[in-house]
Amino acid sequence: MSEKSRICIIGGGFGGLYTALRLDELPWESRQKPEITLIDKSDRFLFSPLLYELITEEMQSWEIAPPFAELLANTGIIFHQSSVTDIDIEAKKVTLDGDKKIDYDKLVLSTGGKTPVDIVPGAKEHAIPFRSLSDAYRLQEKLRLLEEANPDKIRVAVVGGGYSGVELACKLANRLGEKGRIRIIDRGEQILKDSSDFNRETAIKALEKNHIWQDLETEVAQVTADSISLVYKGQTDIIPVDLVLWTVGNQVSQLIDKLPLAKNDQQLLKIESTLQVQGRDDIYALGDVADCYDTEGKPLPATAQVAFQQSDYCAWNLWAAATNRPLLSFRYQPLGEMMTLGIDNATINGLGLKLDGPMAYVARRLIYLYRLPTLKHQLTVGLNWITQPIVELLSL
Ligand SMILES: Cc1cc2nc3c(=O)[nH]c(=O)nc-3n(C[C@H](O)[C@H](O)[C@H](O)COP(=O)(O)OP(=O)(O)OC[C@H]3O[C@@H](n4cnc5c(N)ncnc54)[C@H](O)[C@@H]3O)c2cc1C
């Protein structure tokens, strides 16, 4: 039995990485400081709100996906790049890659969600989700091949008119220019149903300006290698496409699915206001895997903003539990929403501020710069943004 208590965090995204970093900074007395272990299947953290910028090459992968080794240097956090394949919550052991085992005293579950692409026939084989760095690389490669083939038009169907679908469609319109024939498909009566009126109206203007069609009240029935079947008011249309992107849905992984813990009907973990899983004071859950509510009992969306705010509480409560202090109840502070609407365009509505166009584009960039993990990474990226235009000018 180790002398130090052991905190194991599974998933190094907005919930897990920021919990680990905050936990490491808290004022531990040296004999109390636990061993903090962070496990992620990837070698990099992904700042997903900036993933779209890879499509237009406005940003590079090192900026939005820094390696954990870099982010955790100079901290006491132990990092394992492994996939957690099993958790024995009674024996308090996690299994890595089906083999190595790690013991813990406290566990943090922050494995995020996945995009379900198997709801419609053919989608799994032919549609590309847009959630991870490898999805972005897969899309870039497909675009490269299409651009190389140089057809008259490149026809793209983006399934889902939520934030991801709209943001992605705008960036694709920038990249493909005149060649692009882009449509957004959504079963609802309008796009961005959870968005503020200001952001929705600004987004609709951006879609119109970029000639992006909206197929509303439309269901996808099937995807093939070169077509998509759409059902509108009972009538099916088969439309030829070169590329289908799938942005709808959020599902927990099989790892969470099989855990004998309290869950809601979407398999999200039920948590107390302290972020402890119901019935388990040794297990915390946050971010997209957790069933979260605001103080008025309204469900919270699966966003980085929620996971990021929870990470502060999660770290604090782990520290409070270890140092015999009272635990805090999570209180969500809605800070508004931002969306990219293409190169040099964005929309922001929050904290009494409504901005669109290039000003919103710059403000969004600066807010995200401030949110990047670690001061060192913020400075490196910020410096690159300042120097890059000068380097480009000099190389002309
Ligand atoms: C393209 C895109 C744009 C977005 N834009 C915004 C935005 O503008 N604003 C906003 O608030 N939210 C946005 N979101 C949502 C936001 O990214 C998520 O809500 C947020 O990342 C959730 O944080 P998390 O910690 O729960 O999960 P994640 O950040 O997804 O992290 C989960 C981590 O767990 C790891 N993992 C999973 N399973 C295992 C396993 N078995 N073993 C080891 N590691 C594992 C993964 O590799 C990943 O690193 C966006 C999402 C996407 C995909």
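The legends below describe views of a predicted model of one protein chain.

**Figure 1. The whole protein chain.** The chain contains 11 helices and 21 strands. Measured out along its principal axes, the C-alpha trace covers about 65 × 55 × 45 Å. A compact globule of 396 residues would have a radius of gyration near 21 Å, and the chain has 22 Å, so the value agrees with that expectation.

**Figure 2. Burial and contacts in the protein chain.** Of the 396 residues, 41% count as buried. Consider the contacts between residues at least 6 apart in sequence: 63% of these join residues at least 24 apart.

**Figure 3. Helix α10 from end to end.** Helix α10 is made of 15 residues, 357-371. At 1.5 Å a residue, the helix should span 21 Å; its end C-alpha atoms are 21 Å apart, so the model agrees with the expected span.

**Figure 4. The two sides of helix α10.** The buried residues of α10 are Ala 360, Tyr 361, Arg 364, Arg 365 and Tyr 368. Seen down the helix axis, these buried residues fall within an arc of 135°, which means that they line one face of α10. Met 359, Leu 366 and Tyr 370 lie on the other side of the helix and are exposed.

**Figure 5. What covers the buried residues of helix α10.** Strands are part of the cover over the buried residues of α10. Among them are β19 (337-340), β20 (346-350) and β21 (353-356). The residues that are covered include Tyr 361 and Arg 364, both buried in α10.

Note on methods:
Residues are numbered from 1 along each chain as its sequence is written. This is a predicted model: local features need pLDDT of at least 70, side-chain atom pairs count only at pLDDT 80 or more; totals for chains, interfaces and linings use all residues. Helices (H or I, at least four residues) and strands (E, at least two) are DSSP runs, numbered from the N terminus. The expected span of a helix is 1.5 Å times one less than its number of residues. A residue is buried if 20 or more other C-beta atoms lie within 10 Å of its own, exposed if 12 or fewer, and partly exposed in between; C-beta atoms are placed from the backbone. The arc is that of the directions from the helix axis to the C-beta atoms. Two residues are in contact if their C-beta atoms, placed from the backbone, lie within 7 Å. The radius of gyration is taken over C-alpha atoms; the globule rule is 2.2 Å times the number of residues to the power 0.38.
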